[in-house]
Every structure is written in C-alpha cells, then in structure tokens.
Amino acid sequence: SSSGEALAEPRIETLLDDADRAFRDVLGATPDGAWFAPGRLNLVGEHTDYNGGFVLPLALERGAVACVRRRDDDLVRVHSTDLGSTVQVRLGDVGPDAGLDWAAYVAGVGWAAAQRGLPVPGIDLAVSSNVPAGAGLSSSAALSCVTARAWADLAGWDLPDVEIAALGRDAENHVAGAPTGVMDQLASVCGRKGHALEIDTRSVEITWLPFDPAAAGLALLVIDSRTPHALVDGAYAERRESCRRAAAALGVEELRDVPVDGLEQRLAELPDLLRRRARHVVTDSDRVEQAAALLTSGADPRELGPLLDASHASMRDDFEITVPTVDTIQRAAVAAGAYGARMTGGGFGGCVIALVDAGAVDRVTAAVTDAAARAGHPTPVAFVAEPGDGARRLR
Ligand code: ADP
Ligand code: MG
C-alpha cells in the first residue's frame, strides 16, 4: 500500500548514517558535528509571501541531515548522497551566476554571510535528505537552512533565528537564482513541534499556534502527485508581475494593503487576469487569518477543512497554479471524506494536503491512488505529517 511506501522513507538516524559515511568515504575526513533542518508544509496562504501577506506553514519531521567540518582555508566541498554529486568551490568564486547547480544552496550561504561582513571559514559538508525535491515541501530550504545552522555554529556567528533563515533565503534568491519569499526558510528554522507558524511576511513577525491533528483524532495526509514542478520560472515571473501591476492599479504598495471587505467592488476596475490574480492573494491571505483565529480559539481543527477547499479552488481558478495531477488528487480526497484538501507549495505539480480522520488514512490514500490510475497519472505517494521542530544540531 502507499502508506507502506511512506513508512519505507529513511528516518533521521538513517540519513545521519548515510551523510556520515559519505563524509568519511567521499570527503575523506571526520565531521565536527551533524545538523538537521526540516522541510516545510504550508497549511494555507500561497503566493501571499511576496505580497506582504500572511502564511501558515509548519516544519515537517522530514528534512536534511548534514555532517559538516570547519576548514582552515577558503574551500567549500559539498557532497549530496541523494544526487551522488560532489562539488568543490573557493568562497571567492561563489556569487550570483556562479553556475553551481545544487551546491549554490550550500555555498550561497557562505556568500550571504560574507555580504553581511561575517568571517566565513571554508567547510566540508555531506548531506542526506528525505524531502522529495520539487514537491512543494521545500527541499531547498531544508538544504540551505541546515547549511546556515551548521555554518553559524562552526564559525561562531551569533545570529537570531530570523537571520539564520535570511542567510538561507539569500543563498536561494541570489546564488541559486530561485525567487522565493522568506516563508520556507523561516518555517525550517523556527518550526516547533505541535505548532503551525502564522507569519506576517511584511513585519516578519511569527506567532506559534498550537496545531495537533492527532490529538483531535485527525491526520494531515500529504499526497505527493509525483509530478515535480520544473521549468516554471516564467510562470512564477508572470504571477509576481501580475501582482505588482494589480497593486499599482489599485494604488497600494502591496496587495497586502487591499482589505478583503468590499474586495469585489475594489477589483471591478481591473482587467480580468489581474482581478483574478489579486483576488487569490487577498482571499488566501485572509484565509490564513481565519485559520489562525480558529487555531487560536482552540476550535476543532476540522473547521479548517472549508478553508483548505476554498484555497484550492482559488489557486485553480484564479491564480491558475494547479495542474491536472493535483486537481485529480484534491477532488478524490474530498470525495473520499477528507474534511478539506488543497495543493500546497508554489504549484505546477507537487503535493496535496488533506485533513482526514486518523482512521481514514488508508481509505483516502487508496481513493486518490485509484483516481490517479484512472486518469493515467503517476502513482501518488502519501505520508502523514506531524508539525516538528526547526533546524538544530544533532551531535
Ligand atoms: P522544493 O524546494 O519545492 O523542493 P526547489 O526547486 O525549490 O523545490 O528545490 C529543489 C532543488 O534543491 C533541487 O533541484 C536541488 O538543486 C536542491 N536540493 C534539494 N535537496 C537536495 C539534496 N538532498 N541534495 C542536493 N540538492 C538538493
Ligand atoms: Mg524550494
């Protein structure tokens, strides 16, 4: 069954063994320590983070483990057991357009620290991750943040968590060339077991809200459509540009500044495309605030269901970032009794989250697997997510 596949995913201890072995075998040295940083799952609030709006992510129990050693020179040597790839670069050669491929997420952290005037020693780093890449669970933030946490500890950078996250974001934005907001890295660094993080992306203020589906007899099922997002730079650029133009046309700095009350009248003056793009951002940010209010009041988490469904419809019809594989899974999950379901992550593939009764995990998994097969889509892989702790040293 699919839950059997999920159980076969490597645990943190296994990741640690793999990273440690690769460190010794491939890099030929002994690590100073080992660190972990999680992937993240966004409950609601998609593409709101570059509009100054709200997001509601949680840190996963899955993530990247890195064994790391401080060097006496300016060399950065990195190995990924997942890609079987080793890259070596001098710190002075790291920067925008350095063409470092995946190693940009690691070496870019050193570049970001140097930009801040911090002393940056070279490092050796071997990483193993169990976050699927390109599935909307931020494998990239797990990688950039485990690097930032480890490098900071080894170099003695005394930075608050928000600044550790900013190093990861800068590596992604400027060296890897991935235009993410700051949600992914904040969730990976600042996550807390049993909590979701409501983040005001304008003030970068975080509120930790208790979220424990298991305690309510529920499971947060993550269903990977096995259609990773790829080559979507143009689509992302269009969404960002549409949001910028919509804000300008509405005479506000960011779409964050458009109140949800009276939204339709306000948007009536916009051309159809901009109206739909703006409507998604404003309503999804509002859904974050509604969801946060539910969690704050200790309401039954089942009440989140309609917000998840509405968010999916908004991403599908207004923001147009879903694809048939995820739409099929979302529909099948709801039809099989999920309280609500939505695609999570930047879109164009990736994962669907479904809030289901704990006892319904196998039934819903079977239903979405069936639906995908009938549509001729790849076989989805499902696992149950629990909100976990953020980046930390393991040993
Ligand atoms: P997402 O963050 O949604 O998983 P991204 O496209 O932002 O997708 O990041 C995926 C990229 O991050 C990969 O293409 C690769 O460059 C890098 N990456 C993630 N995990 C690893 C890993 N374990 N080893 C090497 N590179 C990785
Ligand atoms: Mg990413």
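The following exercises, each with a worked solution, concern a predicted model.

**Exercise 1. Annotated spans**

Task: State which residues the two UniProt domain annotations cover, and give the helix and strand content of each span.

Solution.
- Step 1. An unreviewed UniProt entry carries the annotation "domain: Galactokinase N-terminal" for residues 22-70.
- Step 2. Residues 22-70 are 10% helix and 53% strand, and the C-alpha atoms at the ends of the span are 16 Å apart.
- Step 3. The annotation "domain: GHMP kinase C-terminal", also from an unreviewed UniProt entry, covers residues 299-370.
- Step 4. Residues 299-370 are 50% helix and 17% strand, with 33 Å between the end C-alpha atoms.

**Exercise 2. The sheet containing β7**

Task: Determine in which order β2, β7 and β8 are arranged, and explain why β2 and β8 each have one side without a neighbour in the sheet.

Solution.
- Step 1. The order is β2-β7-β8, in an open sheet of three strands with antiparallel pairing.
- Step 2. β2 (54-55) and β8 (205-210) are the edge strands; each has a single partner strand, so one side of each lacks a neighbour in the sheet.
- Step 3. Two bridges connect β2 with β7 (residues 195-200) in the antiparallel sense. V55 faces I199 of β7, and F54 has D200 of β7 as its bridge partner.
- Step 4. β7 and β8 run antiparallel and are joined by six bridges. D200 lies opposite E205 of β8.
- Step 5. A hairpin is formed by β7 and β8, with four residues between the two strands. In the turn, V204 has a positive phi of about 55°.

**Exercise 3. The helix on this sheet and the burial of its elements**

Task: Identify which strands helix α6 touches, and assess whether β7 and α6 are largely enclosed or open.

Solution.
- Step 1. From the pairing of β2 with β7 over two bridges, proceed to the helix: α6 (residues 183-190) packs on the sheet and touches β2, β7 and β8. The direction of α6 makes about 140° with that of β7.
- Step 2. A residue counts as buried if 20 or more other C-beta atoms lie within 10 Å of its own.
- Step 3. In β7, five of the six residues are buried, so β7 is largely enclosed by the rest of the structure.
- Step 4. In α6, eight of the eight residues are buried, so this helix is likewise largely enclosed by the rest of the structure. The buried residues of α6 are M183, D184, Q185, L186, A187, S188, V189 and C190.

**Exercise 4. The surroundings of ligand 1**

Task: Describe which residues come nearest to ligand 1, which element gives the most to its shell, and how the shell divides by residue class.

Solution.
- Step 1. There are 19 residues around ligand 1, of which S80, W102, S129, S139 and S140 come nearest.
- Step 2. At least two residues of the shell come from each of β6 (123-129) and α4 (139-155). The element that gives the most is α4, with three residues.
- Step 3. By class, the shell comprises 10 nonpolar residues, eight polar residues and one charged residue.

**Exercise 5. The position of L91**

Task: Locate L91 in the chain, explain why L91 counts as buried, and list its contacts beyond the sequence neighbourhood.

Solution.
- Step 1. L91 belongs to the loop that lies between β5 (85-90) and α3 (104-115).
- Step 2. L91 counts as buried because 20 C-beta neighbours lie inside 10 Å.
- Step 3. When neighbours within four places in sequence are set aside, L91 contacts D74, V76, G110, V120 and G122.
- Step 4. L91 and W111 are separated by 20 residues in sequence, while their C-alpha atoms are 7.1 Å apart in space.

**Exercise 6. The four-stranded sheet**

Task: Give the strand order of the sheet containing β9, β10, β11 and β12, and state which strands are touched by α10 and α11.

Solution.
- Step 1. The strands form an open, antiparallel sheet in the order β10-β11-β9-β12.
- Step 2. β10 (340-344) and β12 (381-385) are at the edges with a single partner strand each, so one side of each is left without a neighbour in the sheet.
- Step 3. Direction ignored, neighbouring strands of this sheet are turned by 25° against each other on average.
- Step 4. Five bridges pair β10 with β11 (residues 351-357) in the antiparallel sense, and T344 stands opposite C351 of β11.
- Step 5. Helix α10 (residues 305-318) packs on the sheet, touching β10 and β11, and its direction makes about 45° with that of β10.
- Step 6. Helix α11 (residues 324-335) also packs on the sheet, touching β9 (218-224), β10 and β11; the direction of α11 makes about 160° with that of β10.

How values were computed:
Residues are numbered from 1 along each chain as its sequence is written. Chains are lettered from A and ligands numbered from 1 in the order in which they are written. This is a predicted model: local features need pLDDT of at least 70, side-chain atom pairs count only at pLDDT 80 or more; totals for chains, interfaces and linings use all residues. UniProt positions are given in the numbering used here, feature names are shortened, and annotations may be inferred rather than shown by experiment. Two strands pair if DSSP finds at least two bridges between them. Two residues are in contact if their C-beta atoms, placed from the backbone, lie within 7 Å. Axes are lines fitted to C-alpha atoms, for helices over the stretch in contact, and angles run from 0 to 180 degrees between N-to-C directions. A residue is buried if 20 or more other C-beta atoms lie within 10 Å of its own, exposed if 12 or fewer, and partly exposed in between; C-beta atoms are placed from the backbone. A residue is near a molecule or strand if its C-beta atom, placed from the backbone, lies within 6 Å of it. Ala, Val, Leu, Ile, Met, Phe, Trp, Tyr, Cys and Pro count as nonpolar, Asp, Glu, Lys and Arg as charged, and the others, Gly among them, as polar.
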